[in-house]
Amino acid sequence: MEDKHMDVQDIIKPENRVYKKPALLNDTHMHYCPGCSHGVVHKLVAEVIEEMGAAEIAIGIAPVGCAVFAYNYIDVDWIEAPHGRAPALATAAKRLQPDKLVFTYQGDGDMAAIGTAESLHAANRGENIAMIFINNAIYGMTGGQMAPTTLLGMKTSTTPYGRRADLNGYPLAITGLMAQLDGTCYVTRQSVETPAAVRKAKAAIRKAFENSMHGKGTSVVEIVSTCNSGWKMTPADANKWMEENMFKKYPIGDLKNE
Amino acid sequence: MEEVRLMKGNEALAHAAIRYGADGYFGYPITPQSEVLEVLEEQRPWETTGMVVLQAESELAAINMVYGGAACGKVVFTSSSSPGISLMQEGISYIAASEVPALIVNVMRGGPGLGTIHPSQADYFQAVKGGGHGDYHLIVLAPSSVQEMCDFMWLGWDLAFKYRTPAMLLADGLVGQMMEKVVLPEPRPRRTEEQVRLQCPWAINGRKDMRKRNVVTSLELVDEIMEQNNLRFQRTYREIEKNEVRYEAINTDGCDYLFVAFGSMARICQKVMEMAEEEGIKIGLLRPITLWPFPAEQIKEAAKGAKGIMVVELSAGQMIEDVKLAVECNVEVKHYGRLGGIVPTPEEVLDALKNQFAIVK
Amino acid sequence: MAKIRGAVTVNTERCKGCNLCVVACPAKVLSLQPKEVNNRGYHFAYMSAPDKCIGCSSCALVCPDACIEVYRVKVDE
C-alpha cells in the first residue's frame, strides 16, 4: 500500500500489532501512582512468564510495601508474605515443589532492612529462586520514609533535612553483598526509565527465571527505580534525577553472571 | 509397619512426622528440643520419602518457611522452645489469618526472657489465647507421654487440615527429654501433587490447566470483607470447640478433690493420687488434652460434688483462669506450681493440696 | 523504497497521564489531552501527530500501566 493513501485506521489492524499488554497482566486497575516503576516491572514479569510458557508453574511471593498487591495484577498463583519474609516463603515453596518457577518481588525495605537476614540467607543457600528487587530509595507505601537505600543528603519524611551518615548510617547496596555469596549465580542491576533499559531489564528477568528452573542457584535482579510521589517530582524529572544521582551509588550492569 | 522403640519425646515426634508422610520440616536449634532437627537430619528422609528438612537461619525464617509450605498445601511443621516460639508469633498469626494448615511444636522451657532450659508450662496463655496479633486461636494439644508426642503429631496435622488452621503441640522440656517406650505407627506415603490438588484446591501449586489463580494472603483493606473474614474464622473456632475437645478423666466420679493438670504435671498428679488414696483422700484428675478448645464442660461436670479443685501447673497460674471460668465460682479453685524450671515432687504437691484445703488426716 | 508507518492505541481508562510515553517518543507523536480527562480524572495520552509515528514501541515499553498497543506496517513511498 502506498503511504499517501494510508490512514491511521488502516494501520491499526490485528495483523500489524507489534506490542500489546501481556495477557498475564490482568485488567485490574493498578493502584500505583502515575509513572511508578512498579508498573513497568510488573509488565515485564508478566511478559517473561508468558513468553516462557510458565503460567502454569509460576508462583510469586509478594512483599509488604507498595507491591503488596502484586497478586492482584499478575495472573499467576501468589502468596503474600509478612514483611521481609518473602525469601523464606519462596525457599519452602521451591524446595517442596522443585518443578515450579518461584520468584519473590521485594522492595528496598523488604530486602535491605526488615528482611535482610531472610534475603541474604536464601541467596547464600543458593535457593533456586529469582528475586526481583525494586530499589527506589524510599518507603512509598507508608508515605515516603527513609529506606536503607536512601542516598546521603536525600530528603524523606523521616530525614526531612536530608539523610546524614552520622545519624542514619549509609545507603546499603545490598546486591553488592548478594554478589559475594557463593549461592548466587546471577546478580544484576537494571532500570526501566528508557526503552533500551526496559529491554535490558526484561532480558535480565528472563535470565533470572531461567536460572531458577535450571537449578543454577539464586538470581537477583535489582531494578533501580523511581518513586516520583515520594521524591516529589514529575515522573520524567524523577527518571532524570535517578540517572544523575541513584546511578552513582547504584551503577547499572551485571554484578555477577556465572 | 509398626515399630516398638525406646526413645525421647523429641525423637518420637520426628519419627512420627516422617511416618505421617510429612513434606517438610523447617527449624532452628534451641534447647530443649534440638533433637527434633538432629534426628531428622540423621534419618535423611529426603532419600526415602522425599521429605524436605532445612535448618533455617532463625525462627522467623523457619515459621515463614512453614507458612510458605503450608500455603502450597504441603504437610509441614516446625519445632522450637519458648523464646523461639515468641519469635514465631508473627508468622503464626499470618498462618491463622491465611487459613492454611500447619503444625508448630513448642517444647516449653522456663521464662520469661532467655529464662532457663528446664521444663515449664508458662507458655499456656501464649498458646491458648492466640499468641500473636489479632483474633485467632490455635488448636493446642498437650502430650503427657512419649507415645502422645508421637500420636499427637498425626492428630495435629489431621485437625489442622480438617479445619485449615494451625495446630500446636504444647509439650514441655520434661516430656521432650524423657525416654519411654513408644509404638511408632506404620508409615504412610507422602501425598502426590494430584492428591494435594484434590484435597487442597486453594493450594499454591501453579495454574495447572490454566485453572483460576490461587492467592494466599492475610491482607484485606475493605473493612467489611475483613470483618466477614474474621466472622468466618470465628465460625471455624466454634466448630472446633463443638467437635474437638479432648481430655482424660481419671477417678473423677465421686472424688473429694479434683486435680486439673496437663502434660508432665498430669503424670505427677497421678502419683499424688496414689499417695493420697493411701491416706484416704479421694482425688480425681481431669487432664485436658486439647488446651484449646478447653474441656470446660467436662471440668464443670467432674467438679460436681468435689470439695475443691487444685490446678497444678509449671507456671505462676495460667490454666487456673480457664478452670475458674469453667466452674463459674461454684467450686473453690486453688493453684500449685513451681517456676524457673523446677518440677515439683509428688510429696510437695500432696502437701500443697492438704495445706490449701486444710485437710487434716 | 519501503518506509515504516506506525500507530498506537491508548487504553484511555487505564492511562494515568504520567507523560512518560510522551517523553520517550523519539518522533514526538504523543501528547496528553490538554482538557479531556478519563473517569479517574487523568489527562490521558493520545496521538497528536499520528503521521509521524514509526511504530517503534518506545512509548509502550516505558508505559507503567501497559495501556499502549503498537501497530506497524511497511509501506511503499
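Biologist: In what order do the seven strands of the open sheet in chain B stand?

Modeller: The order is β3-β2-β4-β5-β7-β6-β13 in chain B, with mixed pairing. Mind that this is a predicted model, where local features need pLDDT of at least 70, side-chain atom pairs count only at pLDDT 80 or more, and totals for chains, interfaces and linings use all residues. Residues are numbered from 1 along each chain as its sequence is written, and chains are lettered from A.

Biologist: Why are β3 and β13 of chain B said to stand at the edges?

Modeller: Each has a single partner strand, so one side of each lacks a neighbour in the sheet. A strand is a DSSP run of E, at least two residues, and a helix one of H or I, at least four, numbered from the N terminus.

Biologist: What makes β2(B) and β3(B) a pair?

Modeller: Pairing takes at least two bridges found by DSSP; four bridges join β2(B) to β3(B), so they pair, and they run parallel. Y25(B) stands opposite V53(B) there.

Biologist: How do you know that α6(B) has the span expected of a helix?

Modeller: The expected span is 1.5 Å times one less than the number of residues. For the 18 residues of α6(B) that gives 26 Å, and the end C-alpha atoms are 26 Å apart, so the two agree.

Biologist: Why is α6(B) called mostly covered?

Modeller: Buried means under 20% relative accessible area (exposed is over 50%, partly exposed in between; 1.4 Å probe, protein chains only). In α6(B), 14 of the 18 residues are buried, so "mostly covered" fits.

Technical notes. Side-chain values use heavy atoms; hydrogens and water are left out.
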